[in-house]
Amino acid sequence: MTRRLTMALPSKGRLREPSWALLEASGVSPQEPGERVLQAHCRNADIDLLFVRADDVPEYVQDGVVDCGITGLDLVYERECSVEVLLRLGYGACSLQAAVSSEDVATRVEDLEGHRIATSHPRIAAKALAERGVSAEIIPVAGSVEISPRLGLADAIIDLVSTGSTLRTNGLRSIGVLFESEAVLVGRVNSTDFEARRTLTTVLGSVINARANRYLLCNVSRDRLDEVTAVLPTTGSPSVMDLATPGVVAVHALVPAADIWSLLPRLEAAGASSILTLPIERMVP
Ligand code: AMP
């Protein structure tokens, strides 16, 4: 029998909403999803949820307070916690970048030699600079890293960036990416809950895979079928079915959601018509 799992979820911040949405889409949302609830049981699954700050999740998992949890990969590395990354979740994407004021002459991370660098990720920053042979003074700050140069606290910053708009707003320019992050499901190292974990990663993974793909349907005359299949960016074989109209077939295929934009005009040019794309609810490859 599978054991009951305990799982830590971000109680606030950027990762809260998408993490709750992932559970909801997986059919295992909390039974009492109130703002102030600290613990809840999942609907339809033997999982107890504990709502904590994303920063605290790596320690909670490492110390066995919970079996697994959702947090940012950057936080796992920054906290230097010994946990296992069970699944990349496809949201919360950002990168730790070095940035200087727009007027600064620095153009590469290597140009930060001897600089004072403010960051809320001192451990990752120190490691990344050391790997590049850069010797600099790291100034740990808890938040609002991007205003440090204007305050005269630092010459440069190392901070999380997703769109780059915060950097631009603060007159800063990126000079290099040091670490790529996204939300991850982490579990205890050497856990023996194989079955419960596999169930959880399969169910959450099926939603993540589904989100990244679309189900595509189109019609094409049989004599142009090769042109259409040549355009499809699928790894598997598309399904081809005869239609009631002689000489015309329907093509069904899974395609990456990110390719739809460029794919539709190319399919049309290859002779496809009645093109439909549908969202997928679950996908286990
Ligand atoms: P919080 O501080 O609780 O809002 O969560 C911060 C976490 O969200 C970070 O540790 C990252 O994993 C993730 N994240 C994604 N995009 C960004 C961003 N632009 N700035 C800061 N954190 C981000």
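**Exercises on the ligand shell and an aromatic pair**

In this predicted model, the shell around the ligand is made up of 5 nonpolar, 5 polar and 3 charged residues.

**Exercise 1.** Determine which residues come nearest to the ligand and where the ligand sits.

*Solution.* Step 1: the ligand has 13 residues around it, and Gly13, Arg14, Asp74, Cys94 and Ser162 come nearest. Step 2: the ligand is located in the largest pocket.

**Exercise 2.** Identify polar contacts of the ligand with Arg14, Asp74 and Ser162, and state how much of the ligand is buried.

*Solution.* Step 1: the cut-off for a polar contact is a pair of N or O atoms within 3.5 Å. Step 2: Arg14 places a backbone N or O atom 2.9 Å from an oxygen atom of the ligand. Step 3: Asp74 has a polar side-chain atom 2.6 Å from a ligand oxygen atom. Step 4: an N or O atom in the side chain of Ser162 lies 2.8 Å from a nitrogen atom of the ligand. Step 5: the protein buries 78% of the 490 Å² that the ligand exposes when taken alone.

**Exercise 3.** Classify the aromatic pair of Trp20 and Phe51 and explain why it links separate parts of the sequence.

*Solution.* Step 1: the whole structure contains 2 aromatic pairs. Step 2: Trp20 and Phe51 form one that is stacked, with 4.8 Å centre to centre and 25° between the planes; planes under 30 degrees apart count as stacked. Step 3: Trp20 belongs to helix α1 (residues 16–25) and Phe51 to strand β3 (residues 47–52), so the pair ties together parts 31 residues apart in sequence.

How values were computed
Residues are numbered from 1 along each chain as its sequence is written. This is a predicted model: local features need pLDDT of at least 70, side-chain atom pairs count only at pLDDT 80 or more; totals for chains, interfaces and linings use all residues. Side-chain values use heavy atoms; hydrogens and water are left out. A residue is near a molecule or strand if one of its heavy atoms lies within 4 Å of it. A polar contact is a pair of N or O atoms within 3.5 Å; within protein, one must be able to donate a hydrogen and the other to accept it, and residues adjacent in sequence count only if both atoms are side-chain atoms. Accessible areas come from the Shrake-Rupley method with a 1.4 Å probe; for residues, only the protein chains shown count as cover. On a 1 Å grid over the protein atoms alone, a cavity is a set of points where a 1.4 Å probe fits but cannot get out, and a pocket is an open set with protein on both sides within 12 Å along at least five of seven lines; lining residues have an atom within 4 Å of a point. A molecule sits in a cavity or pocket if more than half of its atoms lie within 2 Å of its grid points. Ala, Val, Leu, Ile, Met, Phe, Trp, Tyr, Cys and Pro count as nonpolar, Asp, Glu, Lys and Arg as charged, and the others, Gly among them, as polar. Rings of Phe, Tyr and Trp (its six-membered ring) pair if their centres lie within 6.5 Å; planes under 30 degrees apart count as stacked, over 60 as edge-to-face and the rest as tilted. Helices (H or I, at least four residues) and strands (E, at least two) are DSSP runs, numbered from the N terminus.
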